[in-house]
Structure formats: C-alpha cells, structure tokens
Amino acid sequence: MSWREPRIAYRHKSYDLTVDYYLKLLRSLNVRIPHGVIIDVGCGRGYIVKFFAKLGLCCIGLDASKEMLRECKGIDVVLGDIRYLPFRSEIADMILCFDVLEHIKDVQKVPGEVRRVLKKKGHSVCTIPLKHPINIISDFLRGEKSHVTMLRVSEWLNMFATFFNINYKTVFILPLALVLFKRYLTLDLGFFNTHIWLHGVKK
C-alpha cells in the first residue's frame, strides 16, 4: 500500500502543535503512557515518536507513505499497513492511531489486528472524524478525497467493542482551523461534535 498525504492542512501541523494536541486528548481520556512498547500507526513525520523517544520510551512509527517516512530522522520507523501490521503478536503495550482510520478501506479488519499486536490489557487510542455534514462540507472545500470510510459514533463503537473495553468522547473540531489559525480549536457541542476520541483496553 502506497500513501501520499494530500491534505492542505497537513502543512500546518508543526511538531509542537501536534504533540500538544495529542497529549491533550490522552489526558482527556485519562490514558497513562506506559513504560513499554508504543506503536504510532500513521506516524507521518514522526512527531509523536520523537516526543516519546525524548522521554526515553520505546516508540516505533509505522506509516504507509515512503514519502513521510523519509522525513523521519533519528527514530525507529517501519513501512506498513494497519490492516496487516508487520509485528508479532502481543508485542505492544499501546497502539496509537491518530486520524488514520478514515483513510482505510476494509477498516473492519483493523480492530482485530490491533488487538493481536497488543499485550494483555494493552491500550489502543484512536482519533477519527465522524460521518457528519460539517466534515463532508469541510472535505469538499479542502479537496480532501482520501476519506474513504466515514462512520457514525455507534458504528465505530460497535466495531471496536468486540475486542476492547471502550472509553470515548466526541468533540467538535473547527474545520480549517489549522489552515486559518495554525492551531486546533476543539469544543464540546454535543450533537454537532465532528470527531471521536476512542480509547480501548484489550479484553
């Protein structure tokens, strides 16, 4: 599987911005970072991998894009597909999957594969845009054509609940905020929330 990141907003995702945002969501879900093996699936330029490596943690980045991986310097990265993770079973304490699943066809294969690679009581954390009119309009305005799987909250929960004990929240992320303000803007607007932050503990 080859991947080329087409999104206009990606150019505005700095190291500090990315790390601050994802640490915020981990705190929001009460997720503790384990002192074990962490795999960041869809690692992009490797910002999260670099951050955890600086803390002395064992973090491996995986991405389907050779282009993105070429920009990862001084960190451990692997070319691969989340549907067929190139790792042996029960090797990881945590698998991170930030803004990846919406790009994956046959996404129903993902929860079982993530569970396979996680150790007993291992943690999976995903962020996913929802099937929502705001996201559809935003994708159209940005020329985003790579979101091939857009599902509702209940559909994501049902998919993961077979393999994980679930904790989650939904948030509203202001469309185009990265482009216009070079920052994430998140709110809790209930029915109007556009994204799900999903934390699963392996059953």
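The following exchange examines the helix packing, the sheet and the largest pocket of a predicted model.

Colleague: Why are helices H1 and H2 called roughly perpendicular?

Modeller: The axes of H1 (residues 15-28) and H2 (residues 47-54) cross at roughly 75 degrees. Angles of 65 to 115 degrees count as roughly perpendicular, and H1 and H2 are therefore described in that way. Their axes come within 9 Å.

Colleague: Which residues make the contact of H1 with H2?

Modeller: H1 contributes Tyr 15, Thr 18, Val 19, Tyr 22 and Leu 23, while H2 contributes Tyr 47, Ile 48, Lys 50, Phe 51 and Lys 54. By class, seven are nonpolar, one is polar and two are charged.

Colleague: What makes strands E6 and E8 a pair?

Modeller: Pairing requires at least two bridges between two strands. E6 (residues 164-173) and E8 (residues 195-202) have eight bridges, in the antiparallel sense, so the pairing criterion is met. Lys 169 stands opposite Trp 197 in E8. E6 is also joined to E7 (residues 186-187) by two antiparallel bridges, and Ile 173 has Thr 186 in E7 as its bridge partner.

Colleague: Why are E3 and E7 said to stand at the edges of the sheet?

Modeller: The open sheet has eight strands in the order E3-E2-E1-E4-E5-E8-E6-E7, with mixed pairing. E3 (77-79) and E7 each have a single partner strand, so one side of each lacks a neighbour in the sheet.

Colleague: Which helix packs on this sheet, and which strands does that helix touch?

Modeller: Helix H6 (residues 153-161) packs there, touching E5 (118-129), E6 and E8. The direction of H6 makes about 155 degrees with that of E6. Angles over 145 degrees count as roughly antiparallel, so the direction of H6 is roughly antiparallel to that of E6.

Colleague: What is the volume of the largest pocket, and how do its lining residues divide?

Modeller: The volume is about 160 Å³. The lining, which includes Lys 131, Arg 152, Phe 191 and Phe 192, divides into five nonpolar, four polar and two charged residues.

Technical notes:
Residues numbered from 1 in each chain as written. Predicted model: local features only at pLDDT ≥ 70, side-chain atom pairs only at ≥ 80, totals over all residues. Heavy atoms only, no water. 1 Å grid on protein atoms, 1.4 Å probe; cavity = no way out; pocket = protein on both sides within 12 Å on 5 of 7 lines; lining within 4 Å. Points joined across faces, edges and corners; volume = space filled by probe spheres on them. Nonpolar A, V, L, I, M, F, W, Y, C, P; charged D, E, K, R; others polar. Axes fitted to C-alpha atoms, helices over the stretch in contact; angles between N-to-C directions. Helix = DSSP H or I, 4+ residues; strand = E, 2+ residues; numbered from the N terminus. Parallel < 35°, antiparallel > 145°, perpendicular 65-115°, else oblique. Contact = heavy atoms within 4.5 Å.
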